[in-house]
Amino acid sequence: MRTQVIKPRIREILSKELPPERVSLLPKHWVQIGDVLILPLRPELEPYKRRIAEVYAQVIGAKTVLRKGHIHGETRKPDYELLYGKDTVTVHVENGVKYKLDVARVMFSPANVKERVRMAEVAKPGELVVDMFAGIGHLSLPMAVHKGARVIAIEKNPYTFRFLVENIWLNGVQDLMTPYNMDNRDFPAENIADRILMGYVVTTHEFIPKALSIAKDEAIIHYHNTVPEKLRPEEPFATFKRIAREHGYDAEKLKELVIKRYAPGVWHVVVDIRVYKR
Ligand SMILES: C[S@@+](CC[C@H](N)C(=O)[O-])C[C@H]1O[C@@H](n2cnc3c(N)ncnc32)[C@H](O)[C@@H]1O
């Protein structure tokens, strides 16, 4: 995943083909996931978008170019326009972990890279991690690959799940990770997890009772949620603590980090929480 500054060669080629005032609007930054580029393009560049995409792809060496859209819905699907190439499935390597995904249909956020790296650092060999919103294994693959943590990875979207399964094999952690294609609310086991990943936003609090039932009597929960600036720093931990108490658990906040800006005045944060059965 790289965000870069425009290459002189791109400008050189396109300045012969575009009006000068449009050349100055060419994107200076883009995101590269494997060999797929995500290019933010201003509306003024609409008439030239396919040629611009072709030149960026050729100079940078990408097979496919997508125009940046938004991520929405319960399953966090991105919304992209295909500008160049056909194949949006790629393998992205980050921190020694291979992530195969369909960039056009599965979320992979550049801004979450620090958290993916941090999860590899906090995991402990042999502990049991339950990843309740596994995606393609974004957060839990690093824990198995780098630390030998055992992982139960739950993902309900069947298309995303296919990549999760492939990634487990691609990274050679099939003896450590067990994937389940189901809604985490239907996951039957109780009192098993040393650590729980709740990598979800907006309505994560609705899943706290389920997380507590999966947790051992003492466990660590990495609780993600979105929170308006004006409610920080009390939220989102205050709500977690209240719900935990209602279910017979004490909760201790260990750490809180901002992942990224989610919307104007709203942050995506992660809180590391130790829970104890009372
Ligand atoms: C935003 S992605 C997060 C991926 C990863 N945890 C991260 O933080 O980078 C959330 C994933 O959770 C899945 N999901 C949403 N609700 C779920 C549920 N109730 N049970 C299992 N998976 C769910 C979605 O399909 C999606 O792939």
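This is a short tour of a ligand and some annotated residues in a predicted model.

**Stop 1: the annotated residues.** Start by selecting S109, R116, E155, D183 and N184. The UniProt annotation "binding site", from an unreviewed entry, covers these residues. Turn the view and look at how they are placed: they are spread over 76 residues of sequence, and in space their C-alpha atoms are up to 22.6 Å apart.

**Stop 2: S109.** Now zoom in on S109. You will find S109 in the loop that runs between β8 (97-102) and α4 (113-122). Is S109 buried or exposed? S109 has a relative accessible area of 7%, and because buried means under 20%, S109 counts as buried. Next, show the neighbours of S109: leaving out residues up to four places away in sequence, S109 touches R116 and K260.

**Stop 3: R116.** Move on to R116, one of the two contacts you have just displayed. R116 sits in helix α4. Its relative accessibility is 2%, so R116 is buried.

**Stop 4: the ligand and its shell.** Select the ligand and display the residues around the ligand. How many residues surround the ligand? There are 20, and the closest are F133, H138, E155, D183 and N184. Colour this shell by class if you like: 7 of its residues are nonpolar, 7 are polar and 6 are charged. Keep an eye on E155, D183 and N184, since you have met these names before: they are among the residues covered by the "binding site" annotation.

**Stop 5: nitrogen atoms of the ligand.** Finally, add distance labels for three contacts.

- D183: a polar side-chain atom is 3.1 Å from a nitrogen atom of the ligand.
- K156: here a polar backbone atom lies 3.3 Å from a nitrogen atom of the ligand.
- G199: a backbone N or O atom is 3.3 Å from a nitrogen atom of the ligand.

Before you leave, switch on the protein surface. How much of the ligand's accessible area does the protein cover? On its own, the ligand has 600 Å² of accessible area, and the protein covers 97% of that area.

Terms used: Residues are numbered from 1 along each chain as its sequence is written. This is a predicted model: local features need pLDDT of at least 70, side-chain atom pairs count only at pLDDT 80 or more; totals for chains, interfaces and linings use all residues. Side-chain values use heavy atoms; hydrogens and water are left out. UniProt positions are given in the numbering used here, feature names are shortened, and annotations may be inferred rather than shown by experiment. Helices (H or I, at least four residues) and strands (E, at least two) are DSSP runs, numbered from the N terminus. Buried means under 20% relative accessible area, exposed over 50%, partly exposed in between (1.4 Å probe, protein chains only). Contact means heavy atoms within 4.5 Å. A residue is near a molecule or strand if one of its heavy atoms lies within 4 Å of it. A polar contact is a pair of N or O atoms within 3.5 Å; within protein, one must be able to donate a hydrogen and the other to accept it, and residues adjacent in sequence count only if both atoms are side-chain atoms. Accessible areas come from the Shrake-Rupley method with a 1.4 Å probe; for residues, only the protein chains shown count as cover. Ala, Val, Leu, Ile, Met, Phe, Trp, Tyr, Cys and Pro count as nonpolar, Asp, Glu, Lys and Arg as charged, and the others, Gly among them, as polar.
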